[in-house]
Amino acid sequence: MQEKEAQWLTTVYRDSFPQVARTVQQLGGDQETAKDLFHDALIIYLEKQRNHTLDIRVSLKAYLTGIVKILWIRKCKQDSRQRPLDNMEDQLGIPEDFYTPAPERTTRLLRYLQAAGSKCLQLLQAFYYEQRSMQEIARQFHFKTARSATVQKYKCLEKVREQVKNTREYEEAVA
Amino acid sequence: MRKQLHEIQEIDQYVLREMSAADQLVFQARMLACHHLQEKVEHQLQAHALVRRFAREAQREQLSEVYDRLWETDASFRSEITAIFK
């Protein structure tokens with residue numbers, strides 16, 4: 001994390017978390033839950049900012065509190081009487097795969113890949129998730145050129161893709 | 001770049017919508033004709049999803065560090081949060 005971004009996150013955390021914590025407490029949640037939901041809300045915000053799909057018409061604090069309320073309701077799996085909040089959910093546009101719990105296979109795969117080479121995953125994260133340019137990535141990961149960083153990026157993706165394929169084939173074979 | 005990496009690059013261009021409309025149509029036709037290519041696209045999408053999960057986990061860890069730092073160094077933050085959950 002870059003220094004400026006770390007500073008910004010600390011400021012947002014200090015300013016917004018107490019209000020979110022109060023909301024979660026009023027909904028019946030504890031401190032740990034407030035923390036987890038706040039982190040998820042911030043991640044959703046940052047992803048939307050990176051993807052240029054952020055459309056905020058309220059303060060950041062209110063936006064984060066709104067997302068936390070939705071995440072809380074999802075967490076509690078409340079019934080259809082909560083429908084009015086679905087409209088709010090659409091407006092805030094929470095990423096589709098955010099709620100999906102990681103299947104056992106995904107978690108195992110991730111652990112394997114982390115153990116096999118976290119540098120590869122970090123490189124892929126920098127490009128696909130943080131959306132950094134290949135020039136930036138070349139500097140960050142000490143490649144001579146953006147071109148060589150690009151080749152390495154595809155080699156890393158190939159490695160992950162192969163692992164996905166092998167895991168699936170293995171599971172189909174033992175099923 | 002070897003052939004396999006070129007193919008990965010091409011699939012990336014397709015799934016990240018970086019292809020022209022015409023190239024997209026040609027690629028979709030190739031997928032229909034070749035089940036193997038279709039599978040590779042699917043695996044590549046899953047690889048992207050894995051990277052996303054990895055990145056989110058890493059970000060959650062970073063945010064936990066911010067919380068711990070504030071908790072340890074900012075007494076007013078700590079007492080505010082403690083008062084909410086007392």
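Helices and strands are taken here as DSSP runs, of at least four residues for a helix and at least two for a strand, numbered from the N terminus. On this basis, the secondary structure of chain B in the predicted model amounts to four helices and zero strands. Along its sequence, chain B therefore reads as α-α-α-α under this assignment. Chain A likewise contains zero strands, and its helices number seven. The corresponding pattern for chain A, followed along the sequence, is α-α-α-α-α-α-α.

The two chains were next described individually. Chain A comprises 175 residues, of which 43% count as buried. The surface that chain A exposes is about 10,000 Å², and 48% of this area is supplied by carbon and sulfur atoms. Among the contacts within chain A that link residues at least 6 apart in sequence, 62% join residues at least 24 apart.

Chain B comprises 86 residues, and buried residues make up 37% of them. An area of about 4,900 Å² is exposed by chain B, with carbon and sulfur atoms supplying 52% of it. Of the contacts in chain B with a separation of 6 or more, 38% are accounted for by residues 24 or more positions apart.

The interface between the chains was then examined. Contact between them involves 53 residues from chain A and 43 residues from chain B. Together, chain B and chain A bury about 4,700 Å² between them, and 64% of that area lies on carbon and sulfur atoms.

Charged and polar pairings also occur across this interface. Five salt bridges are counted between chain B and chain A. In one salt bridge, the side chain of B:Arg2 meets that of A:Glu158, with an N to O distance of 2.8 Å. In addition, nine residue pairs are found in polar contact across the interface of chain B and chain A, with both residues of each pair at pLDDT 80 or more.

On the side of chain B that touches chain A, the elements giving two or more residues are helix H1 (3–15), helix H3 (35–73) and helix H4 (75–84) of chain B. Of these, H3(B) gives the most, contributing 26 residues to the side that touches chain A. By residue class, this side of chain B divides into 20 nonpolar, 13 charged and ten polar residues.

Conventions:
Residues numbered from 1 in each chain as written. Chains lettered and ligands numbered in written order. Predicted model: local features only at pLDDT ≥ 70, side-chain atom pairs only at ≥ 80, totals over all residues. Heavy atoms only, no water. Contact = heavy atoms within 4.5 Å. Buried area = accessible area lost by both parts, 1.4 Å probe. Salt bridge = Lys/Arg side-chain N within 4 Å of Asp/Glu carboxyl O. Polar contact = N/O pair within 3.5 Å; in protein donor to acceptor, adjacent residues only side chain to side chain. Nonpolar A, V, L, I, M, F, W, Y, C, P; charged D, E, K, R; others polar. Buried < 20%, exposed > 50% of the residue type's maximum accessible area, 1.4 Å probe, protein only. Areas by Shrake-Rupley, 256 points an atom, 1.4 Å probe, with all protein chains shown as cover.
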